[in-house]
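Here are a few exercises to work through with the structure open beside you. Try each task before you read its solution.

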Amino acid sequence: MFTYDSILSSHMRAIEDNCEWLGISKLILMENAGKSIFNEVSRRFKSLKGLGVLIVCGTGNNGGDGFVAARHLSASGASVTVVLVGSGKDIRTHEARTNFNILRNMEHTVRILEVKSINDLSKVEEFFAGAQVIIDAIFGTGLKGEVREPYRSAINLINSSKAVKIAVDVPSGLNPDTGEVHGVCVKADVTVTFHRVKRGLTLNREYAGEIVVANIGIPLEAELFVGPGDLKSIYRPRSPYSKKGDNGRILVVGGSEDYAGAPALVALASLRAGADLAIVAAPVSVANVIRSYSPNLIVRELCDKNLCPADISYVLNLAEKCDVMVIGPGLGLREETVVAVSEIIKRSRKPMVIDADALKVLSQDLNMVKGKSAVLTPHAGEFAKLTGVTLGPEYRERMEPVRSLAQELNVVVLLKGHYDVISDGRRIKVNRTGTSAMTVGGTGDVLSGLTATLIAQTGDLFGSACVAAFINGIAGELAEERYGARILATDVIDMIPYAFKKILEG
């Protein structure tokens, strides 16, 4: 019986990256993973002294886990042979290379055999036949596409052996997310999977055998707090063949005769976040003011001083030509604007980021957004208007009310604050980046632009809201480093590309 929810391999990689953000190196995780394999062998055999163990390793981190297990088993008296399917010089990660080099220094107790081609397998067949335990550390969650030679033949040799077979994380050949078998798959007696059960194991139990979930020291904070792994899990580099519009068309519905800056900030932030086009639909009273902020903005004029019912069809038509709509910044709350906002939200078929004055309109009837593809971005005061709930200052007090609202409306809620709280009603994350200098007006508009662009590029509303909060905070921190506490929202916008660079390349 599983005691953990299953997890996708991309989410597991995000958690591992977030561990490093917390200060827990991947070397530590690999050490703990390899030790858990050793523990499973120890649990099954009264004595390890003289036990014939064959560990079949790939050149990725799954192989690295196997190298660690080899060291621990050898130190306990087992007779250990490591078959590396590939070449030592092709080991892909620092962590796996480090542990492989340790094994090479253990030549007195550990035999290492490299299998670079299918012909080399004939030289090691006797070790498969004679082993009492075979540990499969070839692919784990790193499998992509069909299993090729010499991996295919190595897996067949594992399956033909009478040894106890232990798979590391996921049996090699099994897709960790879908449970599909890619031509051939290790049929394990036991699979030791790390931290949480991989989704593919729950979908295809035939190859996993007994499933053991090993604690490798990943703390709750690696999943709860947004980190670099969350960005890397949804980030997609631009295709060299992409054309204008492929990386996001954002529509911003905002502005009024009283406010012009807010929609411009949203649009500029969306462009700095990587959108190709940012279109601002604004009342004629402020259209030229918004144009004056930047020649990069496309401004479409609405028919009056403020958004009104006569604009509804025009705005919805614009939205159909865009990927995501941001509605609310600077709109005001005149009666005709409230009517127009309500109808646009009800009738929109595109993903929406609902912010500022649109949240106040929404508070009059939450049903208009139920089940919509939407992200709501309230601060604590706006949250109180939406729900009647006055939130405490600590993020722990805010998590359940945010989750409850998201679940009730079936939307994503991004609650802005000292720590941002994000939920889709099932999952919940907390963002800790940012600085008190970001209390300056306009940083919430920057966040809306970031969120919209990430949604346009990924289609993932929850992930985009989490990453937008994270990048917005990093950009604010970078702005404070440059200017001190007296920053502007435009300073945060200028730092968005550097925030992405810091996390993706740092």
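The exercises below deal with a predicted model, and each task is followed by its solution.

**Exercise 1: two helices**

Find how the axes of helix α2 and helix α3 cross, and classify the crossing as oblique or not.

Solution. Begin with the general idea: two packed helices are described by the angle between their axes and the distance between the axes. Helix α2 covers residues 26-44 and helix α3 covers residues 61-75; their axes come within 7 Å and cross at roughly 55°. Next, recall that 65 to 115 degrees counts as roughly perpendicular and under 35 as roughly parallel. The angle here falls in neither range, so α2 is oblique to α3. The handedness of this crossing is right-handed.

Now look at the residues that make the contact. From α2 they include Met 30, Ile 37, Phe 38 and Val 41, and from α3 they include Val 68, Arg 71, His 72 and Leu 73. Sorted by type, the residues of the contact comprise eight nonpolar, four polar and four charged.

**Exercise 2: one isoleucine**

Decide whether Ile 112 is buried, partly exposed or exposed, and list its contacts.

Solution. First place the residue: Ile 112 belongs to strand β3, residues 110-115. Its relative accessible area is 26%. Buried would need under 20% and exposed over 50%, so Ile 112 is partly exposed. Then check its neighbours: leaving out residues up to four places away in sequence, Ile 112 touches Val 82, Phe 100, Leu 103 and Arg 104. As a last step, compare it with Ile 158, which lies 46 residues apart from it along the chain; their C-alpha atoms are separated by 17 Å.

**Exercise 3: the sheet**

Trace the nine-strand sheet from edge to edge, then examine two of its strand pairs.

Solution. Start with the order, β10-β9-β8-β11-β12-β13-β14-β15-β16, in an open sheet with mixed pairing. The edge strands are β10 (298-302) and β16 (428-431), each paired on one side only. From one strand to the next, the twist averages 20°.

For a parallel pair, take β8 (residues 249-253) and β9 (residues 277-283), which share five bridges; here Leu 251 stands opposite Ile 279. For an antiparallel pair, take β15 (residues 420-423) and β16, joined by four bridges. Asp 420 has Asn 431 of β16 as its bridge partner. The hairpin of β15 and β16 has four residues between the strands, and in it Gly 425 takes a positive phi near 95°.

Finally, find helix α18 (residues 443-458), which lies across β8, β11, β12, β13 and β14 and runs at about 165° to β11.

Definitions and conventions:
Residues are numbered from 1 along each chain as its sequence is written. This is a predicted model: local features need pLDDT of at least 70, side-chain atom pairs count only at pLDDT 80 or more; totals for chains, interfaces and linings use all residues. Side-chain values use heavy atoms; hydrogens and water are left out. Axes are lines fitted to C-alpha atoms, for helices over the stretch in contact, and angles run from 0 to 180 degrees between N-to-C directions. Angles under 35 degrees count as roughly parallel, over 145 as roughly antiparallel, 65 to 115 as roughly perpendicular and the rest as oblique. A crossing is left-handed if the near helix is turned anticlockwise from the far one by less than a right angle, and right-handed if clockwise. Contact means heavy atoms within 4.5 Å. Ala, Val, Leu, Ile, Met, Phe, Trp, Tyr, Cys and Pro count as nonpolar, Asp, Glu, Lys and Arg as charged, and the others, Gly among them, as polar. Buried means under 20% relative accessible area, exposed over 50%, partly exposed in between (1.4 Å probe, protein chains only). Two strands pair if DSSP finds at least two bridges between them.
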